[in-house]
Structures are given as structure tokens and as C-alpha cells.
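Colleague: I am new to this structure. Please pick a single part and take me through it closely, with your terms explained as you go.

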Amino acid sequence: QVQLAESGGGLVQPGGSLRLSCAVSGKFFRITNMGWYRQAPGKQRELVADINSSGSSNYADSVKGRFTISRDNARNTVYLQMNSLKPEDTAVYYCNAQIHTTISLRNVYWGQGTQVTVSS
């Protein structure tokens, strides 16, 4: 069974940095897109950044220039480096991956979420 395990959340002061990691485990054929979403209290879940298997990435306007998404295909892991954090970045961050469990069968998988709190 495919699982996504996130780590790296926590409490940080404004202007600080955090690095989130998400490792995919289990039996699968290949991973295509990977990404990070976030959901703040009372708000809808939104895309933060995503990256395809070739390394091309997209970012939400609110995080451009501050966050960097990367992936290690050999380790089946995606990272989110978050710098210059702001209180409005406070949310639960979810890892997302599009995974082919067979050549023809693709599903979207989610991690359990990790809390990021930016506060002084």
C-alpha cells in the first residue's frame, strides 16, 4: 500500500525558515507530479507548489521568491524549503503525489498533514 509520510513542521518566528519533507513508500510503478498544499483554519485547501518528474515547478503567487520545492527521485521524496515565513503562512501543510501503481492505473495520494505555525 502506498503511503506518504511528512515531516518538518513546527513553530517558527516570522522571518524564519522551515523545511518540509514527504517520502513515498510502498509498491508502485512510478510517481509523476508531487506537490504541497496548505489549509488554514476556516479556509479552503490551496496549492502552494508542485513539481513534475522532470523538475519543472509551479508556485502560488503568495510564496514565490520565498519557498522552493524540490524532489529526489531516487529517494521518492519531495521537499519544501520555506524562507522568510510570515504569520499568514500558518496552516496545515499536506503532501500530494500522483502515483501509478501499475502502468495504467494512476491515483492521487495525500499525506496526513503537518502543522506549520508562524508566530512570535
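Modeller: What follows is a close look at one sheet, then at a few residues in and beyond its strands.

This is a predicted model, in which local features need pLDDT of at least 70 and side-chain atom pairs count only at pLDDT 80 or more, while totals for chains, interfaces and linings use all residues. Residues are numbered from 1 along each chain as its sequence is written, and side-chain values use heavy atoms, with hydrogens and water left out.

The sheet is open and has four strands, in the order β1-β3-β8-β7, with antiparallel pairing. Strands here are DSSP runs of E, at least two residues long, numbered from the N terminus; two of them pair if DSSP finds at least two bridges between them. Because β1 (3–7) and β7 (67–72) each have a single partner strand, they stand at the edges, and one side of each has no neighbour in the sheet. From one strand to the next the twist averages 15°, with axes fitted as lines to C-alpha atoms and angles running from 0 to 180 degrees between N-to-C directions. At the β7 edge, six bridges connect that strand to β8 (residues 77–82). One of the residues involved is F67, whose bridge partner in β8 is M82.

Strand β3 covers residues 18–25 and includes S21. S21 counts as buried because its relative accessibility is 18%; buried means under 20% relative accessible area, exposed over 50%, and partly exposed in between, using a 1.4 Å probe and protein chains only. Apart from residues up to four places away in sequence, S21 touches A5, E6, S7, W36, V78 and Y79, where contact means heavy atoms within 4.5 Å.

C22 also lies in β3, and its partner C95 is in β9 (residues 91–100), so their link ties together parts 73 residues apart in sequence. That link is a disulfide with an S to S distance of 2.1 Å, a disulfide being a pair of cysteine sulfur atoms within 2.5 Å. The torsion about its S-S bond is about -80°, so the disulfide is left-handed. Both C22 and C95 are buried, and a search of the whole structure finds one disulfide.

D50, in strand β5, has contacts beyond four places in sequence that include I69 and S56. D50 is buried but has no salt bridge, and R71, the nearest side chain of opposite charge, is 9.1 Å away. Lys and Arg count as positive and Asp and Glu as negative, with His and the chain ends not counted; a salt bridge needs a side-chain nitrogen of Lys or Arg within 4 Å of a carboxyl oxygen of Asp or Glu.
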